[in-house]
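Got the viewer open? Let's take a walk through this one, stop by stop.

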Amino acid sequence: MSGTYLGMPAFPEAAREAVANTTLRGNLRHATHTIRAKRAKAVNEVSDWAGLREAGKRIKDHTLRHLDRYLIQLEESVTAAGGVVHWAADAAEANEIVTRLVKTTGESEVVKVKSMATQEIGLNEALRDAGISAYETDLAELIVQLGGDRPSHILVPAIHRNRGEIRDIFRSEMGEWGRPAPDGLTDTPAELAEAARLHLREKFLRAKVGISGANFMVAETGTLVVVESEGNGRMCLTLPETLISVVGIEKIVPTWRDLEVFLQTLPRSSTAERMNPYTSTWTGTTDGDGPGTFHLVLLDNGRTDTLADEVGRQALRCIRCSACLNVCPVYERAGGHAYGSVYPGPIGAILSPQLRGTGSEIDASLPYASSLCGACYEVCPVAIDIPEVLVHLRERVVEGGEVTRQGNKVVLRPAKGHAAERAAMRAARWALTHPGALRTGQRAASRTRRFHPRSLPGPGRAWSGTRELPPVPAEPFRDWWQRTRGGKGGAK
Ligand code: SF4
């Protein structure tokens with residue numbers, strides 16, 4: 001399997017293949033049901049969860065509204081604390097900056113903390129092309145990397161693997177990357193964890209450069225925050241001489257007081273913990289303590305375009321907790337790879353088409369990868385109305401595909417496809433704004449109902465082939481109302 005998402009088919013095709021894989025479905029069902037039950041328990045313990053959720057939503061909305069101001073403040077704070085800030089408009093620029101920074105150190109190896117932003121830009125592949133080896137140190141990311149695989153979950157990237165598969169990957173691949181798996185390795189969790197620990201330790205101790213993302217950046221002090229469970233992040237953030245952090249610009253919170261809200265909601269929503277085991281914070285550099293050089297690469301890569309969309313911008317509130325994935329009936333059956341992006345599940349279905357645009361087949365299909373049941377919205381700790389954004393993006397796909405900016409305005413680029421659907425919508429709009437014509441049409445439809453086909457011809461056949469077409473009533477509702485209610489409030 002390829003390590004990238006390039007050339008992935010549209011969601012329906014990828015999902016059809018995934019759904020037929022019974023091992024994958026079993027792994028996903030077990031994992032998502034376990035996590036969702038634990039999360040519900042952890043959240044129900046908090047009496048003011050609704051208040052925390054609302055506070056998180058408001059803090060994020062406020063920050064996004066004044067993002068320009070907070071980004072400048074962050075840059076000043078990080079610089080004052082001894083860090084160096086770089087601005088990257090897109091993935092190519094971010095990869096170029098990071099590659100140059102690593103090359104400047106003279107090193108050809110880096111250790112990495114789990115980071116969605118660096119996956120989003122394909123940093124490992126860019127470093128590899130420049131002759132630099134990047135070693136993932138999060139256990140699940142290690143499994144994915146050793147297996148030549150792709151992550152399929154935000155929090156648990158190897159959720160699609162069971163213990164037996166992981167043991168086989170460790171046995172066959174660890175030796176290719178460094179210290180081999182111990183002889184006679186079994187699939188017990190303790191043995192697998194110990195094998196990973198031994199394999200990674202020599203990398204931690206040897207690495208001179210660490211690369212991370214961040215869960216949050218505090219503008220008032222220029223502090224970055226990584227929240228994790230394994231301690232590998234702490235090793236990468238403290239042992240190397242140089243630390244490079246690649247972070248999306250939406251990860252800012254204005255103050256430590258704001259951060260407090262998310263340090264309560266994130267662990268409970270993601271790992272169902274009251275408090276995560278490791279919360280690492282760092283502010284620039286400190287003599288004799290941690291990396292002597294710190295670079296922060298602030299990544300846009302479609303975020304300001306997303307911010308310009310009044311409905312879609314709420315996706316930037318996301319704190320990557322994964323709760324929406326774990327409750328999604330579509331994700332549970334199709335798995336993460338079908339979404340063709342590092343952001344799978346409901347959040348991926350609204351974030352990827354905004355960051356990448358809806359021009360490709362896969363991105364245009366993602367807003368439809370949902371039953372709109374609303375479970376994702378219910379569990380989201382920052383109250384992102386994912387169904388609302390999905391419907392909004394469907395409209396974008398049907399109306400025009402690509403959204404572009406002209407100055408401060410967001411405009412839809414004319415569509416190439418979906419001509420039949422657009423024509424049907426135009427006809428419906430005309431009929432609904434001409435009540436006389438609508439009434440005449442309804443009466444004509446009732447009178448001729450015996451002659452109506454039970455399935456649609458042409459391209460509509462696929463739609464009607466899986467649905468019962470509702471029978472046309474003998475009498476239109478408006479006429480019935482007027483007849484039985486004596487005209488009160490009825491059709492004129
Ligand atoms: S959309 Fe909400 S529930 Fe889903 S990962 Fe983001 S914060 Fe968590």
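Start by colouring domain 1 and domain 2 separately: their centres, taken over C-alpha atoms, sit 25 Å apart in this predicted model. To get the bounds right, select 8–45 + 315–433 for domain 1, 46–299 for domain 2 and 444–485 for domain 3. Now show the interface between the first two, where 37 residues of domain 1 are in contact with 37 residues of domain 2.

Next, pick residues 73–296, which UniProt, in an unreviewed entry, labels "domain: LUD". The C-alpha atoms at the two ends of residues 73–296 are 14 Å apart, and the span is 44% helix and 20% strand.

Which residues touch the most other members of the largest nonpolar core? Put Phe11, Phe216, Tyr339, Ile347 and Ile350 in sticks; the core has 57 residues in total. Helix H16 (residues 345–355) is its top contributor, giving five residues. Both domain 1 and domain 2 supply at least three residues each to this core.

Zoom in on Phe216. Beyond its neighbours within four places in sequence, its contacts include Thr223, Val227, Lys251, Phe262, Leu266 and Ile319. Then hop to another core, apart from the 57-residue one: this one has 44 residues, including Ala195, Cys236, Phe294 and Leu307.

Last stop, the ligand. Select what surrounds it: Cys318, Ile319, Arg320, Cys321, Ser322, Cys324, Ile347, Cys380, Pro381, Val382, Ile384 and Ile386. Colour that shell by character and you get 10 nonpolar residues, one polar and one charged. Two names should ring a bell here: Ile347 from the core list and Ile319 from the contacts of Phe216.

Key
Residues are numbered from 1 along each chain as its sequence is written. This is a predicted model: local features need pLDDT of at least 70, side-chain atom pairs count only at pLDDT 80 or more; totals for chains, interfaces and linings use all residues. Side-chain values use heavy atoms; hydrogens and water are left out. A residue is near a molecule or strand if one of its heavy atoms lies within 4 Å of it. Ala, Val, Leu, Ile, Met, Phe, Trp, Tyr, Cys and Pro count as nonpolar, Asp, Glu, Lys and Arg as charged, and the others, Gly among them, as polar. A nonpolar core is a set of buried Ala, Val, Leu, Ile, Met, Phe, Trp, Tyr and Cys residues joined through side-chain atoms within 4.5 Å. Buried means under 20% relative accessible area, exposed over 50%, partly exposed in between (1.4 Å probe, protein chains only). Helices (H or I, at least four residues) and strands (E, at least two) are DSSP runs, numbered from the N terminus. Domain bounds come from an automatic or database domain assignment. Contact means heavy atoms within 4.5 Å. UniProt positions are given in the numbering used here, feature names are shortened, and annotations may be inferred rather than shown by experiment.
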